[in-house]
Amino acid sequence: MRVALGADHGGFRLKEIIKKHLESQGFEVEDYGTNSLEPVDYPDYAVRVGKTVAAGEAVFGILVCGTGNGMAMAANKVPGIRAALCVDGYTAGMARRHNDANVLALGERVIGEGVALEVVDIFLASCFEQGRHRARVGKIELAAMSSNN
């Protein structure tokens with residue numbers, strides 16, 4: 001499974017930890033940067049990862065910044081992206097099972113390494129439950145399309 005990663009300077013360290021973790025589990029990882037602690041603008045990385053996932057070039061995206069908020073907000077502007085800011089295993093699982101989230105946003109400054117890796121694992125292992133949730137996700141997609149017109 002291919003996963004697209006992106007981070008700004010505030011999420012660089014955690015992105016590198018996640019990258020090694022995923023590669024050790026056999027995931028194919030595409031790293032869209034950043035590659036240092038030098039200040040950069042998070043929307044640039046969120047959009048790159050979002051477009052990659054929306055185009056089907058990666059199954060999931062993972063974005064990291066200081067809080068995760070900026071990355072989630074920017075990624076959700078990409079049509080077809082449902083980015084979820086998750087802080088624990090429960091929110092990660094529910095984002096996948098009920099919201100069919102395809103991008104995970106994390107905040108390096110607010111989540112510890114161990115919890116972050118647990119969140120990543122649960123997010124990637126959880127499956128969309130379909131059923132009544134399909135119609136709700138459809139409404140999200142319709143709202144996104146109507147706001148683009």
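Student: In this predicted model, which residue caps the N-terminal end of H4?
Tutor: The model is a predicted one. A side-chain oxygen at this end of H4 lies 3.3 Å from the backbone nitrogen of Tyr90. A pair of N or O atoms within 3.5 Å counts as a polar contact. The residue that supplies the oxygen, and thus the cap, is Asp88.

Student: Which residue just after H4 takes a positive phi?
Tutor: Helix H4 covers residues 89-99. Just after this helix, a phi of about 50 degrees is found, and the residue that takes it is Asp100.

Student: Within what arc do the buried residues of H4 fall, seen down its axis?
Tutor: Buried here means under 20% relative accessible area. In H4, the residues that meet this description are Gly89, Ala92, Gly93, Ala95 and Arg96. Seen down the helix axis, these buried residues line one face of H4, because they fall within an arc of 155 degrees.

Student: Against which elements do the buried residues of H4 pack?
Tutor: Two of the partners are strands and one is a helix. The elements are strand E3 (60-65), strand E4 (83-85) and helix H5 (113-125).

Student: In what order do the elements of the protein run from the N terminus on?
Tutor: The secondary structure comprises six helices and five strands. From the N terminus on, the order is β-α-β-α-β-α-β-α-β-α-α.

Student: What percentage of the 149 residues of the protein count as buried?
Tutor: The cut-off for a buried residue is a relative accessible area under 20%. Among the 149 residues of the protein, the share that counts as buried is 46%.

Note on methods. Residues numbered from 1 in each chain as written. Predicted model: local features only at pLDDT ≥ 70, side-chain atom pairs only at ≥ 80, totals over all residues. Heavy atoms only, no water. Helix = DSSP H or I, 4+ residues; strand = E, 2+ residues; numbered from the N terminus. Buried < 20%, exposed > 50% of the residue type's maximum accessible area, 1.4 Å probe, protein only. Arc of directions from axis to C-beta. Contact = heavy atoms within 4.5 Å. Polar contact = N/O pair within 3.5 Å; in protein donor to acceptor, adjacent residues only side chain to side chain.
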